[in-house]
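Welcome! Below are a few short exercises, each followed by a worked solution. Have a look at the model, try each task yourself, and then read on.

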Amino acid sequence: MALFDLPLEELRTYRSRSVEPEDFDAFWSNTLTEARTHDLDARFERCADTGLATVDVYDVTFAGFGGHAVKGWFVIPAGTTEPLPVVVEFIGYNGGRSLPHAHLLWASAGMAHFVMDTRGQGSGWAPGDTADPVGSAPSLAGFMTRGVEDPATYYYRRVITDAVRAVEAARSHPLADASRTAVVGASQGGGLALAAGGLVPDLVAVAPDVPFLCDFPRATRLTDRKPYREIGDYLKTHRGRAEQVHRTLSYFDGVHFAARCRAPALFSVALEDLTCPPSTVFAAFNAYGHADKEIEVYDFNDHEGGGPFQQAAQLARLPRLLKA
């Protein structure tokens, strides 16, 4: 796929037309206040049969949105006795937390690594273990349209709340240094990292890799690749509801979360990315609320982005921030 979006020089100044709801902050404050009425109940059970010698692994359960049980992994260097900086990771669309040996990078770099499972997902490319017990009105196959006609019922209200609670759960472990916490993720995980960055005020780094869930007004009209296309397919059937649906999406747009982020950031973008078009990524980057921000640009890549090259960039930058 050749370049299809704006030229790079225009991307660097591009601004989203997503309209921020007047009650955006109140909506999220009320949502998180409600979630915190449920005991976090973070439980860490040591896994003895992983076959891994260099890390210790804990099977985690904590209470997310509505007090619903959310799974995760907590992975630390073997024999850790003192609190470590924490990297909280969110997973890409339709994937789950997988198995512990899929998550060795950050513990190998001397960090505590918390991986959040994504409710209702985990059947596409990596297995998951967390159900979404909340139903919705009729929706297209996938997750983008579940409850999409009302911010209160939208699927990502639950997932973003889970993400904030995941940070709180990670910080609750005695071997986690809560004052040194970063959030990372690719695609959907990058969008959730931005959301967590906008809702958790005292993080030390945010690293969204080719982030999804950004600049919905442009994304839903520019690309015909799923998951964004799920919105268009829904509106093709439910004619006349575009304004209502886009109002809901505005409460979950990474552009608005990015504007509230107060930690240094390392983004990535791929200029041939049809899944998360580069203008939508730059929309979040250009709106980002901290002056210390960088973006790695992968000119000839699709949604795989930088892959291991971006991980290398993260390894070069995040540990300095986390160990400062």
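## Exercise 1: The two faces of a strand

Strand β5 is covered on both of its faces: A112, F114 and M116 are buried on one side, and H113 and V115 are buried on the other. Keep in mind that this is a predicted model.

**Task.** Work out how many of the residues of β5 are buried.

**Solution.** Start with the extent of the strand: β5 covers residues 112-116. Next, apply the cut-off, under which a residue is buried if its relative accessible area is under 20%. The result is that 5 of the 5 residues in β5 are buried.

## Exercise 2: The neighbours of β5

**Task.** Find out which sense, parallel or antiparallel, β5 has with β3 and with β4.

**Solution.** Take β3 to begin with, which spans residues 69-77. This strand and β5 run antiparallel and are joined by 4 bridges. To see one such pairing, look at V75, whose bridge partner in β5 is H113.

Now turn to β4, residues 84-90. Its pairing with β5 is parallel, again over 4 bridges. Here you can look at V86, which stands opposite A112 of β5.

## Exercise 3: A phenylalanine in a loop

**Task.** Locate F65 and decide whether this residue is buried or exposed.

**Solution.** First, the place: F65 sits in the loop that links β2 (55-63) with β3. Second, the accessibility: F65 counts as buried because its relative accessibility is 11%. Third, the surroundings: leaving aside residues up to four places away in sequence, F65 touches T31, R119, R157, R158, T161 and D162.

For a sense of distance, try S179 as well. S179 is 114 residues from F65 along the chain, and their C-alpha atoms are 24 Å apart.

## Exercise 4: The whole protein

**Task.** Decide whether the radius of gyration agrees with that of a compact globule.

**Solution.** Begin with the expected value: for 324 residues, a compact globule would have a radius of gyration near 20 Å. The protein has 19 Å, so the two agree.

Other overall values help to fill in the picture:

- The protein contains 11 helices and 9 strands.
- Its C-alpha atoms fill a box of roughly 55 × 40 × 35 Å along the principal axes.
- Buried residues make up 60% of the 324.
- Among contacts with a separation of 6 or more, 74% involve residues 24 or more positions apart.
- About 12,900 Å² is exposed, with 52% of it supplied by carbon and sulfur atoms.
- There are 30 positive and 40 negative side chains, and the centres of these two sets are 3 Å apart.

Note on methods:
Residues are numbered from 1 along each chain as its sequence is written. This is a predicted model: local features need pLDDT of at least 70, side-chain atom pairs count only at pLDDT 80 or more; totals for chains, interfaces and linings use all residues. Side-chain values use heavy atoms; hydrogens and water are left out. Buried means under 20% relative accessible area, exposed over 50%, partly exposed in between (1.4 Å probe, protein chains only). Helices (H or I, at least four residues) and strands (E, at least two) are DSSP runs, numbered from the N terminus. Two strands pair if DSSP finds at least two bridges between them. The radius of gyration is taken over C-alpha atoms; the globule rule is 2.2 Å times the number of residues to the power 0.38. Contact means heavy atoms within 4.5 Å. Accessible areas come from the Shrake-Rupley method with a 1.4 Å probe; for residues, only the protein chains shown count as cover. Lys and Arg count as positive and Asp and Glu as negative; His and the chain ends are not counted. The place of a charge is taken as NZ of Lys, CZ of Arg, CG of Asp or CD of Glu.
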